[in-house]
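Here's a quick walk through a structure, with an eye on its helices, sheet, rings and odd backbone spots. Have the coordinates open while you read.

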Amino acid sequence: MVGDAIGNLLIVDDQPDNLRVLSSILDQQGYKVRKALNGTIALQSAQIHPPDLILLDIMMPGMNGYEVCTALKASAETREVPVVFLSGVDSAADKVRAFAVGGSDYITKPFQAEEVLARVHQQLMLQWQTQRLQREIQERKQAQSETQLLLTIIQAVDEANNFEAALDAVLCEVRRAIAWDYSEAWTSDLDDTAFHLSRVDYDVEDVRLQQFHEMSRDLSFDQNVSLLKTIWTARQPEWIADISQSTSMFLRSPVAQLAGLTSAFAVPIVLEEQVLAVLLFFKRSHSEFEINLVNLVSAIALQLGGFMQRKQAEEALRRTNLELKRLVNSDGLTQIANRRCFDQVLQQEWQRLRREQLPLSLILCDVDFFKRYNDHYGHLNGDDCLKRVAQALGQSIKRPADLAARYGGEEFAVILPNTDSKGAIYVAQCIQNAMADLQIPHKSSQVSEFVTVSIGIASAIPHSHHNGLESLIATADKALYAAKEKGRNTYCY
């Protein structure tokens with residue numbers, strides 16, 4: 001259960017006992033659970049009704065989990081469904097392969113209920129956040145496609161330096177788009193006692209329209225009071241189908257008729273119940289009331305009215321997107337980078353340093369005897385321990401380009417760009433010192449009375465040979481196991 005939403009889960013495992021145990025854990029939390037005993041059934045079930053999340057066993061007869069995940073990711077109906085692998089094997093190679101075929105997470109058997117629920121919760125949260133963002137993007141695209149004019153206006157207004165420049169852009173774009181002959185914008189004094197012709201747009205080679213503009217520019221407040229005052233007071237659009245029949249409403253009727261203008265409509269630009277300006281459009285042919293046109297120009301006026309507010313909203317949206325990016329790239333428990341972020345950054349740094357032919361170092365850390373720690377102190381204290389270890393790693397790296405990440409479970413990783421083996425060893429020593437300073441009690445440890453870590457280090461100058469990056473990871477992993485063989489609480493290179 002995430003908020004008020006119930007996750008629809010599909011569990012795939014050829015062992016009925018595993019299905020029963022896992023289903024029981026998830027059922028008790030209100031999740032809707034479906035089960036499949038093999039990959040073929042799982043693919044059919046996922047195609048018919050795609051779940052929110054798939055928990056997938058790796059070792060199965062027929063299609064193994066890797067093959068099932070590959071098929072899922074190749075299908076348009078299921079490629080976006082996150083897959084959490086289930087395995088009794090805890091090797092880095094299996095985990096790397098799981099993520100390589102599109103897995104989102106990896107859970108090691110036997111299951112720990114708290115871990116399963118935490119990982120399922122995290123994946124569903126990420127999935128639903130992604131879906132919500134995709135829906136918002138789709139809705140925005142649909143709204144933009146409904147009227148290219150509105151999109152153009154929004155862009156023009158956004159690029160304007162001030163309100164007057166925005167008015168110029170609107171008058172020009174709208175008049176040409178709706179194929180009317182003359183447009184103008186009127187603004188008022190602060191006390192609304194006088195109106196002024198602020199902006200105009202028309203074909204300057206049209207002599208009669210030029211004369212209309214010159215005569216309008218010289219008009220006084222009294223000659224426009226009826227139409228403008230009505231709009232200013234009601235804050236609603238007005239449409240005049242025949243100017244010659246509306247002399248009481250439009251006191252410029254004789255001047256308009258000399259220019260051959262027949263119809264007119266006006267739309268106010270309103271911000272927080274205050275009229276900022278009135279947009280007025282003229283046409284040389286008779287035109288009855290067009291609700292779509294009024295609505296369109298009203299929407300554009302709304303864009304102008306919200307000019308400053310949109311700027312503020314865009315800044316708020318930018319901050320929201322940055323926060324969403326941080327959430328997507330951070331580990332939910334430790335708040336340092338997650339495995340997804342680690343994979344992306346390591347790939348990027350490998351490519352960058354391959355071009356520059358500079359060293360890249362990788363540190364892998366494993367909390368010593370962490371299962372015993374959890375068994376002795378409980379999983380809540382275990383979570384707190386992992387948080388403090390992550391904090392120690394973060395404090396041990398000094399440069400902005402360095403990255404500390406949770407690699408999986410009680411494993412952590414540090415990416416050190418532009419760092420050779422000597423620099424990496426120094427960072428490893430800093431990590432050990434930071435861990436010693438934490439002095440987290442660990443009565444079940446066989447190497448210390450406090451929590452310690454084993455560290456594997458690998459360094460290389462990136463190259464273009466096949467599997468170079470995988471080799472760097474494998475070397476660090478091999479060094480990590482060598483550190484454990486030496487008795488733990490040490491590092492190996």
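## Helix α17 and its sheet

In α17, the buried residues (under 20% relative accessible area with a 1.4 Å probe, protein chains only; exposed is over 50%, partly exposed in between) are G468, L469, L472, I473, A476, D477, A479, L480, A483 and K484. An α-helix has 3.6 residues a turn, so residues three or four places apart point the same way.

Keep in mind that this is a predicted model: local features need pLDDT of at least 70 and side-chain atom pairs count only at pLDDT 80 or more, while totals for chains, interfaces and linings use all residues. Numbering starts from 1 along each chain as its sequence is written, and side-chain values use heavy atoms, with hydrogens and water left out.

Helices (H or I, at least four residues) and strands (E, at least two) are DSSP runs, numbered from the N terminus. How well does the span of α17 fit its residue count? At 1.5 Å a residue (times one less than the number of residues), its 18 residues should span 26 Å, and the end C-alpha atoms are 26 Å apart, so the two agree.

What does α17 lie across? Helix α17 (residues 468-485) lies across β11, β12, β13, β14 and β15, at about 145° to β14. Helix α16 (residues 421-438) lies across β11 (360-367), β13, β14 (453-460) and β15, running at about 165° to β14. Contact here means heavy atoms within 4.5 Å; axes are lines fitted to C-alpha atoms, for helices over the stretch in contact, with angles from 0 to 180 degrees between N-to-C directions.

The sheet itself is open and has five strands in the order β12-β13-β11-β14-β15, with mixed pairing. Two strands pair if DSSP finds at least two bridges between them. At the edges sit β12 (403-408) and β15 (491-492), each pairing on one side only. β12 and β13 (residues 411-417) run antiparallel and are joined by five bridges; G408 has E411 in β13 as its bridge partner.

## Rings and charges

The whole structure has 13 aromatic pairs. Rings of Phe, Tyr and Trp (its six-membered ring) pair if their centres lie within 6.5 Å; planes under 30 degrees apart count as stacked, over 60 as edge-to-face and the rest as tilted. Two of the pairs, plus two charges sitting over rings (NZ of Lys or CZ of Arg within 6 Å of the ring centre and within 35 degrees of the ring normal), go in the table.

| Partners | Arrangement | Values |
|---|---|---|
| W180 and F265 | edge-to-face pair | 5.0 Å centre to centre, 85° between the planes |
| Y182 and F282 | edge-to-face pair | 5.8 Å centre to centre, 70° between the planes |
| R339 and Y407 | charged end over the ring | 4.0 Å from the ring centre |
| K484 and Y481 | charged end over the ring | 4.9 Å from the ring centre |

Both W180 and F265 are buried, and so are Y182 and F282. W180 and F265 also belong to one aromatic cluster with W239, F281 and F289.

## Backbone oddities

Most residues other than glycine have a negative phi, and most peptide bonds are trans. K109 and P110 are joined by a cis peptide bond, with omega about -5°; P110 lies in the loop between β5 (105-108) and α5 (113-146).

Q357, not a glycine, has a positive phi of about 55°. Q357 is in the loop between α13 (339-356) and β11, and counts as partly exposed because its relative accessibility is 47%. N489 also has a positive phi, near 55°; N489 is in the loop between α17 and β15 and is partly exposed at 36%. Just after α17 comes G487, with a positive phi near 120°.
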